[in-house]
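Reader: Hi! Could you walk me through this structure over coffee?

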Amino acid sequence: MLNLVLFGPPGAGKGTQSERIIEHYGLIHLSTGDIFRSNIGDKTELGKLAKSYIDKGQLVPDEVTIDMVKSEVEKHSTPKGFIFDGFPRTQVQAKALDEYMKKKNTSISAMIALDVPEEELKERLQQRAKDSGRTDDADPKVIEQRIEVYRKETAPVKSFYQEQSKFHEVDGMGSIESITDRLFSTIEKIK
Ligand code: ADP
């Protein structure tokens, strides 16, 4: 199996690039942000809980998120692999994912990080707010908070994969196509 973790701050382009990677490699896209948003739309209990954190720019608690990812993975019987987008976002989540993959007799193949400067991120998020209507993109204070949470809680996840020699970084600036090309050539080296 090819199991990739796509990493990068809010607005780095993880969603856009995931779509292209899954199409090319036949992987299953598992975006925790998307799953939370679909639960919010359906007004489920999980959605109500998630919304109370997301609207403040905070992370949804680890236990809830980890259980949700596991049950999502279980929905697929013989997948070629997964692309985890927006997960793991904390060291606790990263450890839980490793243990879970081991139980399933597989592992994370690599983490690929999209590198984008902060100024560009803010611009992209403001633009996305206009197009997508995401409430957490519309408020500059919430954006600041998400970037802060990223720095404090999520950025350290990088070292978790560096220690296993599974960390790769790709320049996330330029056209969508050129970023996809860089991602594909990185994935080819991993496979
Ligand atoms: P972005 O990367 O642009 O912030 P996402 O769609 O990945 O957007 O996530 C939106 C929000 O959903 C996050 O700010 C957070 O509140 C919540 N969320 C998503 N993934 C996780 C996760 N793995 N752990 C905890 N909270 C999460």
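Author: Happy to; we can go through the empty spaces, a helix pair, some rings and the backbone.

Author: This is a predicted model, where local features need pLDDT of at least 70, side-chain atom pairs count only at pLDDT 80 or more, and totals for chains, interfaces and linings use all residues. Residues are numbered from 1 along each chain as its sequence is written, and side-chain values use heavy atoms, with hydrogens and water left out.

Reader: Thanks! How much space lies in the largest pocket?

Author: About 890 Å³. A pocket here is an open set of points on a 1 Å grid over the protein atoms alone, with protein on both sides within 12 Å along at least five of seven lines. Grid points are joined across faces, edges and corners, and the volume is the space filled by probe spheres set on the points.

Reader: Which residues lie nearest its centre?

Author: P10, K14, R89, R128 and R134, out of 46 that line the largest pocket; a lining residue has an atom within 4 Å of a point. Among the elements giving two or more residues to that lining are strand 1 (4-7), helix 1 (14-25), helix 6 (118-132) and helix 10 (176-190). Helices (H or I, at least four residues) and strands (E, at least two) are DSSP runs, numbered from the N terminus.

Reader: And how does the lining of the largest pocket divide?

Author: Into 17 nonpolar, 17 polar and 12 charged residues. Ala, Val, Leu, Ile, Met, Phe, Trp, Tyr, Cys and Pro count as nonpolar, Asp, Glu, Lys and Arg as charged, and the others, Gly among them, as polar.

Reader: What about the second largest pocket?

Author: That one holds about 210 Å³ of space. Its lining has 17 residues, with P9, L114, D115, V116 and Y150 nearest the centre, and divides into 11 nonpolar, 1 polar and 5 charged.

Reader: How many cavities of 30 Å³ or more are there?

Author: The structure holds 1, meaning a set of points where a 1.4 Å probe fits but cannot get out. The largest cavity has about 30 Å³ of space, and I66, V69, K70, F87, A96, L97 and Y100 line it. Helix 4 (62-74) and helix 5 (91-103) each supply at least two of those residues.

Reader: F87 rings a bell. What kind of peptide bond joins F87 and P88?

Author: A cis one, with omega about -5°. P88 sits in the loop between strand 3 (82-85) and helix 5.

Reader: Switching topic: at what angle do helix 2 and helix 3 pack?

Author: Helix 2 (residues 32-41) and helix 3 (residues 45-54) pack at about 115°, with axes 8 Å apart. Axes are lines fitted to C-alpha atoms over the stretch in contact, and angles run from 0 to 180 degrees between N-to-C directions. F36, N39 and I40 of helix 2 meet L46, G47, A50, K51 and I54 of helix 3, contact being heavy atoms within 4.5 Å.

Reader: And what is the phi of K43?

Author: Near 55°, a positive value in a residue other than glycine. K43 lies in the loop between helix 2 and helix 3.

Reader: Last one: how many aromatic pairs are there?

Author: The count is 5, with rings of Phe, Tyr and Trp (its six-membered ring) pairing if their centres lie within 6.5 Å; planes under 30 degrees apart count as stacked, over 60 as edge-to-face and the rest as tilted. The rings of Y25 and F184 have centres 5.6 Å apart and planes at 90°, so this pair is edge-to-face. Y25 is in helix 1 and F184 in helix 10, so the pair ties together parts 159 residues apart in sequence.
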